[in-house]
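Me: I should like to learn how to read the features of a structural model. Could we take them one at a time?

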Amino acid sequence: MDKDLLDAGYRVYTGEKIDVYFNTAICKHSGNCVRGNAKLFNLKRKPWIIPDEVDVETVINVIDTCPSGALKYRHN
Ligand code: SF4
């Protein structure tokens, strides 16, 4: 777990091979994440981010489209 990201206000969503971090204060609400993959990011679900719903490459590719830096990933 990346303590620096947690200290910076990110929450962690753990997966088997990759963890996703999200900081709501940084999010610019572009919607790229939910449009990019509705299984990985689903605002109607709790938790709204489930890394293990998709493969690792998909996690990386979608998070790379986040314009704000609100989403990060760390390999396990
Ligand atoms: S892509 Fe990034 S900035 Fe856009 S809504 Fe998702 S988390 Fe927020």
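Me: Is Tyr21 buried or exposed?

Reply: One reads this from the relative accessible area, and a residue under 20% counts as buried. In this predicted model, Tyr21 has a relative accessible area of 0%, and therefore it is buried. Tyr21 has its place in strand S2.

Me: Which residues are in contact with Tyr21, leaving aside its neighbours within four places in sequence?

Reply: A contact list shows which parts of the chain come together around a residue. For Tyr21, the list holds Met1, Asp2, Leu5, Leu6, Tyr10, Arg11 and Val12, together with Ala70, Leu71, Lys72 and Arg74. The separation in sequence can be set beside the separation in space: Tyr21 and Met1 are 20 residues apart along the chain, and their C-alpha atoms are separated by 9.7 Å.

Me: Asp2 appears in that list. Is Asp2 buried or exposed?

Reply: The cut-off for buried is again under 20%. Asp2 has 18% relative accessibility, so it counts as buried. Asp2 is found in the segment before helix H1 (3-7). With neighbours within four places in sequence left aside, Asp2 is in contact with Tyr21 and Arg74.

Me: How many residues form the largest nonpolar core, and which have the most contacts inside it?

Reply: A nonpolar core is read as a set of buried residues joined through their side chains. The largest one here has 16 residues, and Phe41, Ile49 and Leu71 are those with the most contacts inside it. Two elements give two or more residues to this core, namely strand S2 (18-22) and helix H3 (56-63). The most comes from H3, with 4 residues.

Me: What does Leu71 touch, not counting residues up to four places away in sequence?

Reply: Leu71 touches Val20, Tyr21 and Phe22, and also Cys33, Phe41, Ile49, Ile63 and Cys66. Two of these, Phe41 and Ile49, are named with Leu71 as having the most contacts inside the core.

Me: Which residues of H3 are buried, and what do they pack against?

Reply: For a helix, one notes the buried positions and then the elements that they meet. In H3, the buried residues are Val59, Ile60, Val62 and Ile63. The buried residues of H3 pack against S2, helix H2 (32-36) and strand S3 (71-75).

Me: How should I read the surroundings of the ligand? Where does the ligand sit, and how many residues surround it?

Reply: One looks at the site, then at the residues of the shell and their character. The ligand sits in the largest pocket. It is surrounded by 13 residues, of which the closest are Cys27, Ser30, Cys33, Cys66 and Ser68. By character, the shell divides into 7 nonpolar, 5 polar and 1 charged.

Me: What should I note about the backbone at His29?

Reply: Here one reads the sign of phi together with the residue type. His29 has a positive phi of about 55°, although it is not a glycine. His29 lies in the loop between S2 and H2. Its relative accessibility is 65%, so His29 counts as exposed.

Me: What is the peptide bond from Lys46 to Pro47?

Reply: The omega angle is the value to read. From Lys46 to Pro47 the peptide bond is cis, with omega near -5°. Pro47 is found in the loop between H2 and H3.

Me: Where do Asn42 and Asp55 lie, and how are their accessibilities read?

Reply: Asn42 is found in the loop between H2 and H3, and Asp55 lies in the loop between H2 and H3 as well. Values between 20% and 50% are read as partly exposed. Asn42 is at 27% relative accessibility and therefore counts as partly exposed. Asp55 is at 45%, so it too counts as partly exposed. The C-alpha atoms of Asp55 and Leu40, 15 residues apart along the chain, are separated by 9.5 Å.

Me: What does Thr14 touch, not counting residues up to four places away in sequence?

Reply: Thr14 touches Met1, Asp19 and Pro51. Its place is in the loop between strand S1 (11-13) and S2. Thr14 and Asp52 are 38 residues apart in sequence, and C-alpha to C-alpha they are 8.3 Å apart in space.

Technical notes:
Residues are numbered from 1 along each chain as its sequence is written. This is a predicted model: local features need pLDDT of at least 70, side-chain atom pairs count only at pLDDT 80 or more; totals for chains, interfaces and linings use all residues. Side-chain values use heavy atoms; hydrogens and water are left out. A residue is near a molecule or strand if one of its heavy atoms lies within 4 Å of it. On a 1 Å grid over the protein atoms alone, a cavity is a set of points where a 1.4 Å probe fits but cannot get out, and a pocket is an open set with protein on both sides within 12 Å along at least five of seven lines; lining residues have an atom within 4 Å of a point. A molecule sits in a cavity or pocket if more than half of its atoms lie within 2 Å of its grid points. Ala, Val, Leu, Ile, Met, Phe, Trp, Tyr, Cys and Pro count as nonpolar, Asp, Glu, Lys and Arg as charged, and the others, Gly among them, as polar. A nonpolar core is a set of buried Ala, Val, Leu, Ile, Met, Phe, Trp, Tyr and Cys residues joined through side-chain atoms within 4.5 Å. Buried means under 20% relative accessible area, exposed over 50%, partly exposed in between (1.4 Å probe, protein chains only). Contact means heavy atoms within 4.5 Å.
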